[in-house]
Amino acid sequence: MAELSGSLFAVAPALSERDGPLYLQLKRWIEEAVESGLVKPGDALPSERDLAARAEVSRVTVRKAVQYLVADGVLVQRHGSGTFVATHTPRVEQSLSQLTSFTEDMARRGMSVHAVWLDRGLYPPSPEETVALGLPSGERVARIARLRLSSETPLAIERASLAASVLPNPEAIESSLYAHLERQGNRPIRAIQRIRAANLGDDDARLLQVPAGAAGLNIERTSYLASGRVIEFTRSIYRGDAYDFVAELRLGDQPPNGPRR
Ligand code: GLP
């Protein structure tokens with residue numbers, strides 16, 4: 001991994017009090033180096049002390065510039081090892097009109113999938129799960145929670161709940177939930193999906209390897225069998241910097257006298 005000092009800091013930045021706050025000038029200077037490709041994703045930033053000496057500013061100024069760059073996702077800080085230029089995740093374009101699984105979405109793009117299991121087991125249901133899944137009283141719920149990755153990049157955390165009668169042994173899922181349901185003849189054919197903006201909390205941000213408070217998308221999917229029975233209730237948190245959700249829109253039915261004004 002290259003250190004930035006060789007390239008970027010061969011020439012000291014020309015910062016001047018006359019041109020506005022020094023931390024903003026330093027921030028812009030580092031940003032331009034990243035945008036122009038002068039420094040590459042994964043490169044290490046020199047220490048705060050080095051940067052301050054080369055730019056002839058205080059360490060407080062450097063710290064402030066770095067904090068803003070971390071918040072903007074330009075730099076990442078790894079505890080104990082330093083500050084680095086962020087590695088950018090290629091954005092995934094996801095249609096909102098197809099009922100597909102994570103595994104299928106990635107396979108269509110030729111991307112590999114991998115999951116870290118966070119939880120799987122049978123539990124007494126929460127009131128929300130009882131209502132969402134229409135559980136009869138006394139029935140337990142199967143929960144599976146996974147960190148979902150593609151090519152080693154974490155993209156989403158998914159927490160799925162299903163009736164225990166549908167998934168009596170959550171350990172039986174190999175990698176794809178939908179493939180498992182399909183084998184049982186329980187693959188959903190319809191779903192309602194709700195998407196909301198969210199700022200990632202500390203734990204989710206750590207799992208998704210983004211700064212705490214970074215933009216995310218909360219996605220809730222309720223899926224149905226052809227019979228109308230709810231089969232899956234899943235709450236997911238997607239990385240906001242990794243997904244573009246795309247929907248095709250069509251002009252609706254026109255009133256008999258043309259569009260209303
Ligand atoms: C998507 C959906 C989830 C669904 C999952 C199944 O990611 N948001 O609601 O549970 O796909 O994916 P897989 O079959 O890969 O486990």
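**Exercise 1. Find which part of Leu-177 makes a polar contact with the ligand, then look for side chains that do so too.**

Step 1. Start at Leu-177: one of its backbone N or O atoms sits 2.8 Å from a ligand oxygen. That's a polar contact, meaning a pair of N or O atoms within 3.5 Å.

Step 2. Now the side chains. Glu-158 puts a polar side-chain atom 2.8 Å from an oxygen of the ligand, and for Arg-148 a side-chain N or O atom is 3.0 Å from a ligand oxygen.

Step 3. How much of the ligand gets covered? On its own the ligand has 400 Å² of accessible area, and the protein covers 98% of that (Shrake-Rupley method, 1.4 Å probe).

A word on the model: it is predicted, so local features need pLDDT of at least 70 and side-chain atom pairs 80 or more, while totals for chains, interfaces and linings use all residues. Numbering runs from 1 along each chain as its sequence is written, and side-chain values use heavy atoms, without hydrogens and water.

**Exercise 2. Describe the shell around the ligand.**

Step 1. Count the neighbours: 14 residues surround the ligand (each with a heavy atom within 4 Å of it). Thr-103, Glu-158, Ser-176, Leu-177 and Glu-232 are the closest.

Step 2. Sort them: four are nonpolar, five polar and five charged. Here Asp, Glu, Lys and Arg count as charged; Ala, Val, Leu, Ile, Met, Phe, Trp, Tyr, Cys and Pro as nonpolar; the others, Gly among them, as polar.

Step 3. Which element gives the largest share of the shell? Strand E9 (a DSSP run of at least two residues) does, with three residues.

Methods: A polar contact is a pair of N or O atoms within 3.5 Å; within protein, one must be able to donate a hydrogen and the other to accept it, and residues adjacent in sequence count only if both atoms are side-chain atoms. Helices (H or I, at least four residues) and strands (E, at least two) are DSSP runs, numbered from the N terminus.
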